[in-house]
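Here is a briefing on one protein chain. Read it alongside the sequence and the coordinates.

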Amino acid sequence: MGIVGLGLMIYSLVESIQTPRHRVRVMPKTAWIAVILLVPIIGAGLWLGFGRIREPRTRGNQVRSGPSAPDDDPEFLRKVEFERRQQQRREEEARKRAEQERKKRAQSQGQQSSDQSQQEPQQSQEGPEQKDSGEGSGEKPGDDVEGGTGSGSEDRPA
């Protein structure tokens, strides 16, 4: 037991000296060094059991830093919230653009229909004039354009 006790005491003493002050528990660092030297096997055991803060045990000597789940990570949650807000803005802008396009189409269709409704009365007014082309020029319906004063016998059935 002498060699094992000496090895345990040396290991505990070196570890207690190398441990930063903020990671020492129960007593000050110098008190732990004194306990390890004065009570070799028991002091070394107390140091290993109570004197130091233990590292969290992980698989493959990997130390986990940060949250274990994505929904526990504040940075991840900020990123998700940011992306959600961007998506909402894009959808809102698309909706506004579509609404503006609908309004423009409705206005242009309204203008076209009002233009057509204005053109239709003009065409209906022009229509009879075109049918009776000689009515406005002072010519009589029976007058022949070439002959000037035609008898109108050509228009009458024989």
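**Salt bridges in helix 4**

Glu-99 has a relative accessibility of 30%, so Glu-99 counts as partly exposed. Salt bridges with shared partners link Glu-99 into one network with Glu-92, Arg-95 and Lys-103. This is a predicted model. The chain has four helices and zero strands.

- The side chains of Glu-99 and Lys-103 form a salt bridge, at 3.7 Å from N to O.
- Glu-99 and Lys-103 are four residues apart in helix 4, about one turn of the helix.
- Lys-103 is partly exposed, with 49% relative accessibility.
- Another salt bridge pairs Glu-92 with Arg-95, and their closest N and O atoms are 2.4 Å apart.
- Both Glu-92 and Arg-95 sit in helix 4, with a spacing of three residues, or about one turn of the helix.
- Glu-92 is partly exposed at 33% relative accessibility.
- Arg-95 is also partly exposed, and its relative accessible area is 42%.
- Glu-81 and Arg-84 make a salt bridge through their side chains, at 2.3 Å from N to O.
- Why are Glu-81 and Arg-84 separated by about one helical turn? They are three residues apart in helix 4, which spans residues 74–131.
- Glu-81 is partly exposed, at 27% relative accessibility.
- Arg-84 is partly exposed too, with a relative accessible area of 38%.
- The count of salt bridges comes to six.

**Overall layout**

- Along the sequence, the pattern reads α-α-α-α.
- The chain has 158 residues, and 11% of them count as buried.
- About 13,600 Å² of the chain is exposed, with carbon and sulfur atoms supplying 53% of that area.
- Take the contacts in the chain with a separation of 6 or more: 47% of them join residues 24 or more positions apart.

**The largest nonpolar core**

- Which residues make up the largest nonpolar core? The six are Met-9, Leu-13, Val-24, Trp-32, Ile-36 and Trp-47.
- Helix 1 and helix 2 are the elements that give two or more residues to this core.
- Trp-47 is a member of the core. Beyond its neighbours within four places in sequence, Trp-47 is in contact with Val-24, Trp-32 and Ile-36, among others.
- The contacts of Trp-47 also include Ser-12, Glu-15, Ser-16, Thr-19 and Arg-52.

**Glu-15**

- Glu-15 belongs to helix 1.
- Is Glu-15 buried or exposed? Its relative accessible area is 17%, under the 20% limit, so Glu-15 is buried.
- Leaving out residues up to four places away in sequence, Glu-15 touches Trp-47, Leu-48 and Arg-52.
- Two of these partners, Trp-47 and Arg-52, are also in contact with each other by the list for Trp-47.

**Val-26 and the nonpolar patch**

- Where is Val-26? Val-26 is in the loop between helix 1 (2–18) and helix 2 (29–38).
- Val-26 has a positive phi of about 70°, although Val-26 is not a glycine.
- Most residues other than glycine have a negative phi.
- Val-26 has 69% relative accessibility, over the 50% limit, so Val-26 counts as exposed.
- Val-26 is also part of a nonpolar patch on the surface.
- The other members of the patch are Leu-37, Leu-38, Val-39, Ile-41, Ile-42, Leu-46 and Phe-50.
- Together, the patch residues have about 800 Å² of accessible area.
- Helix 2 and helix 3 (40–51) each supply at least two residues of the patch.
- Which element gives the largest share of the patch? Helix 3 does, with four residues.

**In brief**

- Salt bridges join Glu-92, Arg-95, Glu-99 and Lys-103 into one network.
- Helix 1 and helix 2 each give two or more residues to the largest nonpolar core.
- Helix 3 provides the largest share of the nonpolar patch, and Val-26 joins that patch from the loop between helix 1 and helix 2.

Conventions
Residues are numbered from 1 along each chain as its sequence is written. This is a predicted model: local features need pLDDT of at least 70, side-chain atom pairs count only at pLDDT 80 or more; totals for chains, interfaces and linings use all residues. Side-chain values use heavy atoms; hydrogens and water are left out. Buried means under 20% relative accessible area, exposed over 50%, partly exposed in between (1.4 Å probe, protein chains only). Patches are made of residues with over 30% relative accessible area and no salt bridge: like charges are joined within 9 Å, nonpolar side chains (Val, Leu, Ile, Met, Phe, Trp, Tyr) within 5 Å. Accessible areas come from the Shrake-Rupley method with a 1.4 Å probe; for residues, only the protein chains shown count as cover. A salt bridge is a side-chain nitrogen of Lys or Arg within 4 Å of a carboxyl oxygen of Asp or Glu. A nonpolar core is a set of buried Ala, Val, Leu, Ile, Met, Phe, Trp, Tyr and Cys residues joined through side-chain atoms within 4.5 Å. Contact means heavy atoms within 4.5 Å.
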